[in-house]
Amino acid sequence: MTRPGGTWQNWGRSASVRPVRVERPRSPEGVQRAVKAATAQGLTVKAIGAGHSFTGIAVAPGVLLELDDLQGLVSADAATGRVTLLAGTRLHRIPELLRPYGLAMENLGDIDRQSISGAISTGTHGTGVRFGGIATQVRGLTLITAEGEFLRIDETHEPGLLAGAVVGLGALGVIVEVTLQCVPAFVLHAIDAPAPLDATLETVHEQAAAADHLEFYWHPHTDVALMKTQTRLPESAKRHPIPGARRWLDETVLSNGVFGAFCALSRFAPAIIPSFNRLAVQLTGDAEYSDRSHRVLIHHRDVRFREMEYAIPAADLVPAFDELRRLITDRGWRIEFPVEVRFAASDDLWLSTASGRDSAYIAVHRYWRVDPREYFGAVEQIMLRHGGRPHWGKLHSLTADQLRERYPRFDDFVALRDRLDPERVFGNRYLERVLGA
């Protein structure tokens with residue numbers, strides 16, 4: 001389906017564009033036809049999924065491809081755990097698609113609104129010192145190239161390109177299929193508990209090593225860490241999910257309804273922020289439960305925000321976090337959103353934020369109607385001093401020259417882009433900034 005371009009906005013309302021036209025292909029062949037038609041007219045092409053990137057990575061001034069109809073299971077093998085999905089498949093649909101095969105994704109991020117192709121292309125990750133980001137689960141993918149051809153990349157077809165193509169930023173072509181290595185379905189036993197922040201920082205590496213998954217949130221202007229610790233159990237383990245009424249109260253009423261109203265009010269009365277944050281850590285973050293993996297890992301977030309996240313060497317977490325704390329105090333800021341800390345194992349993907357090193361992640365947020373630039377800019381300088389690499393789908397200011405210093409395989413990726421898209425059919429301003437013209 002083709003229609004004139006209206007105005008497209010991302011979820012965080014930090015990027016928008018009025019494309020020449022919008023197309024909604026219903027098959028990989030439909031994507032192929034759209035790419036060929038665009039190139040014949042000298043137009044650029046960008047595919048979008050759910051629009052959950054905060055950067056301009058998906059901005060499409062030429063032809064915008066909506067992949068909402070390119071969803072579903074292509075194939076699944078319960079014996080090997082290999083599963084192939086259409087590229088527009090939303091993460092929240094995948095658990096039910098895998099359930100008949102007794103499979104699950106090895107790890108997930110903390111929201112599931114993204115498409116699978118968008119999640120891997122931007123380096124979306126979860127937490128756990130022994131687990132990589134979602135892109136590390138990829139064993140193959142199929143692209144439509146700038147020439148309008150199908151290109152399969154996996155262990156037997158162009159295997160040398162897989163590590164470069166998985167976190168591809170949408171710069172190499174339009175992904176139409178993704179093959180994942182899944183694992184037997186499992187249960188997670190979770191403990192959410194508040195803990196003194198200073199004591200948490202003293203032992204955070206030991207706690208992370210002892211847990212399968214660990215993360216914590218810190219509400220500025222408090223001295224409490226809200227810890228989330230999760231242990232993997234077999235699917236046969238007895239589940240004790242959060243009761244429906246309690247989940248509704250925690251997620252719908254407190255974490256979204258009350259918090260959303262607070263964020264809106266705090267724009268005009270920032271003095272209330274410290275008191276509210278202290279109240280928030282008393283009302284949330286204290287529970288023990290067990291449930292299917294995706295129901296524990298995923299959080300539902302309706303309050304709109306903007307985010308910046310940096311990956312730093314895991315060993316730098318505590319000094320970087322301490323600098324962040326001092327920064328907020330010294331500047332006298334009132335910060336309404338919590339800071340999030342997670343972990344990931346080293347991998348060998350060229351543009352993964354964890355490429356070649358075990359990593360810790362520090363994410364900062366602001367309500368979407370608040371200008372985040374001063375806060376994010378100052379935090380960014382701290383992260384850069386600690387070897388930080390920005391999440392590709394979250395706000396940052398770095399350019400190609402700065403990023404080249406932080407990724408050993410950066411020039412290899414640029415060479416791959418030159419090979420697959422020499423005319424920059426899949427380019428836009430964001431990619432010009434981060435990869436060079």
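## Gly-164 and its surroundings

In which helix is Gly-164 found? In this predicted model, Gly-164 belongs to helix H4, which covers residues 162-165. Is Gly-164 buried or exposed? Its relative accessible area is 0%, so Gly-164 is buried.

Setting aside neighbours within four places in sequence, Gly-164 is in contact with Leu-172, Trp-350, Phe-413 and Leu-416. Leu-398, for its part, is 234 residues from Gly-164 in sequence, and the two C-alpha atoms are 20 Å apart in space.

## Helix H6 and its bend

Let's turn to helix H6, which runs over residues 244-266 and bends by about 30° at Val-253. The buried residues of H6 are Arg-247, Glu-251, Asn-256, Phe-259, Gly-260, Phe-262, Cys-263 and Ser-266. What do these buried residues pack against? Their partners are two helices, H7 (273-283) and H8 (293-297), together with two strands, S17 (287-292) and S20 (359-367).

With H7, the axis of H6 comes within 11 Å, and the two axes cross at roughly 170°. Because an angle over 145 degrees counts as roughly antiparallel, H6 is roughly antiparallel to H7. On the H6 side the contact is made by Leu-254, Val-258, Phe-259, Phe-262 and Ser-266, and on the H7 side by Ile-273, Phe-276, Asn-277 and Leu-283. Sorted by class, this contact of H6 with H7 has 7 nonpolar residues, 2 polar ones and no charged ones. Phe-259, Phe-262 and Ser-266 of H6 take part in the contact with H7 and are also listed among the buried residues of H6.

## Helices H5 and H9

A second helix pair is formed by H5 (residues 197-210) and H9 (residues 317-331), which pack at an angle of about 155° with their axes 10 Å apart. That angle makes H5 roughly antiparallel to H9. Which residues meet here? From H5 come Leu-197, Asp-198, Leu-201, Val-204 and His-205, and from H9 come Leu-317, Val-318, Phe-321, Asp-322 and Arg-325. The residues of this contact of H5 with H9 divide into 6 nonpolar, 1 polar and 3 charged.

Asp-330 is also found in helix H9. With a relative accessible area of 65%, Asp-330 is exposed. Asp-330 and Ala-79 are 251 residues apart in sequence, and their C-alpha atoms are 56 Å apart in space.

## Met-383 and Ser-359

Met-383 is found in helix H10, residues 373-385. Its relative accessible area is 1%, so Met-383 is buried. Beyond its neighbours within four places in sequence, Met-383 is in contact with Tyr-310, Ile-312, Ala-320, Ile-362 and Gly-388. Leu-317, one of the H9 residues that meet H5, is 66 residues from Met-383 in sequence and 9.6 Å from it in space, C-alpha to C-alpha.

Ser-359 is found in strand S20, one of the elements against which the buried residues of H6 pack. Ser-359 counts as buried because its relative accessibility is 1%. Not counting residues up to four places away in sequence, Ser-359 touches Ala-311, Ile-312, Ala-314, Arg-342, Phe-343, Ala-344, Thr-353 and Ala-354. Ile-312 is thus a partner of Ser-359 and of Met-383. Ala-345 is 14 residues from Ser-359 along the chain, and their C-alpha atoms are separated by 6.3 Å.

## Positive phi in two loops

Most residues other than glycine have a negative phi. Two loop residues are worth a look with that in mind. His-221 has a phi near 80°, a positive value in a residue other than glycine. Where is His-221 placed? It sits in the loop between strand S15 (213-218) and strand S16 (224-234). His-221 is partly exposed, with a relative accessible area of 21%.

The other residue is Arg-424, whose phi is near 60°, again positive in a residue other than glycine. Arg-424 lies in the loop between helix H12 (410-420) and helix H13 (429-435).

## Cysteines

How many disulfides does the structure hold? The number is 0. Cys-182 counts as buried, at 4% relative accessibility. Cys-263, listed among the buried residues of H6, has a relative accessibility of 0% and so counts as buried.

Notes. Residues numbered from 1 in each chain as written. Predicted model: local features only at pLDDT ≥ 70, side-chain atom pairs only at ≥ 80, totals over all residues. Heavy atoms only, no water. Bend = angle between axes of the 7 residues up to and from the residue. Helix = DSSP H or I, 4+ residues; strand = E, 2+ residues; numbered from the N terminus. Buried < 20%, exposed > 50% of the residue type's maximum accessible area, 1.4 Å probe, protein only. Contact = heavy atoms within 4.5 Å. Axes fitted to C-alpha atoms, helices over the stretch in contact; angles between N-to-C directions. Parallel < 35°, antiparallel > 145°, perpendicular 65-115°, else oblique. Nonpolar A, V, L, I, M, F, W, Y, C, P; charged D, E, K, R; others polar. Disulfide = S-S within 2.5 Å.
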